[in-house]
Amino acid sequence: GYYYSNTQVLGITGVSDIEPSHINGISYVLKKDGTVWSFNDTTGNMSSKAPTFVFNKINIGSVIALTASSEAIVALKADGTVWDITNARATVVSGLKNVKAVMNSYALKEDGTLWSWSSKETPTQVNGLSDIQSIVVGNGIVAALKTDRTVWTWGNNSYGQLGNGTTTNRYTPAQVANLNDVTQISTGDYNVAAVKMDGSVWTWGKNNYGQLGDGTTIDRNLPVQVIFAK
């Protein structure tokens, strides 16, 4: 529903993460004790009343992370297994173990390999990548940071957000050009940002509002350094 003032949600405490409603109007809360609870708004849209929620505990425990895609809500357990909890029913995702992070429909394993799946498919390894440290998933794009501090991207490239000097979509990972010594990456709306070891920030992709911070409104298909005011 839509509300016009900040109102505390009653009935649940100790929250560490939340995944808003993506499927069937159900949202999910991860508590600090590793339990997961589902809820939906019982007041309806455009209500002037304070929100009323009904919380239901899902039959799963020891959860350390939640993530969502357009198809599923996924939970990562402390034992490295991945569970689909869509529609508040917990089912293990077969073929995945020793997972240390989940993002959207991707799972990063302890050995540095990356695996992807949909609700109707068995997980498969993303070819051409190894030694992955972290991943981020944006609007039709995936970016992976490797332990050698290079960045690799694939997916939608309509604004140059893959950072490879083109605007051609890619279905396999390719290294971002002219970028090394990266310690952190993030995605925005059709753009990507990277922080380097020297503290500098580099961006590429859509720039219609100057969001790349390079002093222009020109889309960039190669990384450019953010210009900070002195």
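Reader: Hello! I would like to start with the strands: how many bridges join S6 to strand S7, and in which direction do the two run?

Author: Welcome! As a general idea, strands of a sheet pair through backbone hydrogen bonds, either parallel or antiparallel. In this predicted model, three bridges connect S6 with strand S7 (residues 82-84), and the two run antiparallel. For one spot to look at, find Val74, which stands opposite Asp84 in S7.

Reader: Which sheet do S6 and S7 belong to, and in what order do its strands come?

Author: They are part of an open sheet of four strands with the order S5-S6-S7-S8, and the pairing is antiparallel. At the edges stand S5 and strand S8 (91-92); each has a single partner strand, so one side of each is left without a neighbour in the sheet.

Reader: How many bridges join strand S5 to strand S6?

Author: Five bridges hold S5 (residues 63-68) and S6 (residues 73-77) together, and these strands run antiparallel. They form a hairpin, with four residues between them. To follow the pairing by eye, start at Leu66 and look across to its bridge partner in S6, Ala75.

Reader: What does the protein contain in terms of helices and strands?

Author: The count is zero helices and 20 strands. Another open sheet of four strands has the order S17-S18-S19-S20, again with antiparallel pairing. Its edge strands are S17 (182-187) and S20 (220-225), each of which pairs on one side only. Ignoring direction, neighbouring strands of this sheet are turned by 20° against each other on average.

Reader: Where could I look to see a pairing in that sheet, say between S17 and strand S18?

Author: Five bridges join S17 to S18 (residues 191-196), with the strands running antiparallel. A good place to look is Thr187, whose bridge partner in S18 is Val192.

Reader: Now for charges. How many salt bridges does a search of the whole structure find?

Author: Here is the general idea: side chains of opposite charge can pair when their charged atoms come close. The search finds one salt bridge in the whole structure. It is formed by Asp214 and Arg220, whose closest N and O atoms are 2.8 Å apart.

Reader: Are Asp214 and Arg220 buried or exposed?

Author: Let us take them in turn. Asp214 has a relative accessible area of 10%, so it is buried. Arg220 counts as partly exposed, at 25% relative accessibility. The cut-off that matters here is 20%: a residue under that value is called buried.

Reader: What is the picture for aromatic rings, and how many pairs are there?

Author: In general, a pair of aromatic rings is described by the distance of the centres and the angle of the planes. The count for this protein comes to three aromatic pairs. One of them is Phe39 with Phe55, a tilted pair at 5.1 Å centre to centre with 45° between the planes. Phe39 lies in strand S3 (residues 36-41) and Phe55 in strand S4 (residues 53-57), so the pair ties together parts that are 16 residues apart in sequence. Phe39 is buried, with a relative accessible area of 10%, and Phe55 is buried too, at 16%.

Reader: Which kind of pair do Tyr106 and Trp154 form?

Author: Theirs is edge-to-face, with 6.2 Å centre to centre and 70° between the planes. This pair links distant parts of the chain: Tyr106 sits in strand S10 (residues 106-109) and Trp154 in strand S15, 48 residues apart. Tyr106 counts as buried at 14% relative accessibility, and Trp154 is buried at 7%.

Reader: Where is Asn157 found, and what does it touch?

Author: Asn157 is in the loop between strand S15 (151-155) and strand S16 (170-175). Its relative accessible area is 0%, so Asn157 is buried. Leaving aside residues up to four places away in sequence, Asn157 touches Leu162, Gly163, Asn164, Thr166, Thr167, Thr168 and Asn169.

Reader: To finish, what share of the whole protein counts as buried?

Author: Of its 230 residues, 42% count as buried. The accessible surface of the protein is about 12,200 Å², and 48% of that belongs to carbon and sulfur atoms. As for contacts with a separation of 6 or more, residues 24 or more positions apart account for 34% of them.

Terms used
Residues numbered from 1 in each chain as written. Predicted model: local features only at pLDDT ≥ 70, side-chain atom pairs only at ≥ 80, totals over all residues. Heavy atoms only, no water. Pairing = 2+ DSSP bridges. Buried < 20%, exposed > 50% of the residue type's maximum accessible area, 1.4 Å probe, protein only. Contact = heavy atoms within 4.5 Å. Areas by Shrake-Rupley, 256 points an atom, 1.4 Å probe, with all protein chains shown as cover. Axes fitted to C-alpha atoms, helices over the stretch in contact; angles between N-to-C directions. Salt bridge = Lys/Arg side-chain N within 4 Å of Asp/Glu carboxyl O. Phe/Tyr/Trp six-rings, centres within 6.5 Å; stacked < 30°, edge-to-face > 60°.
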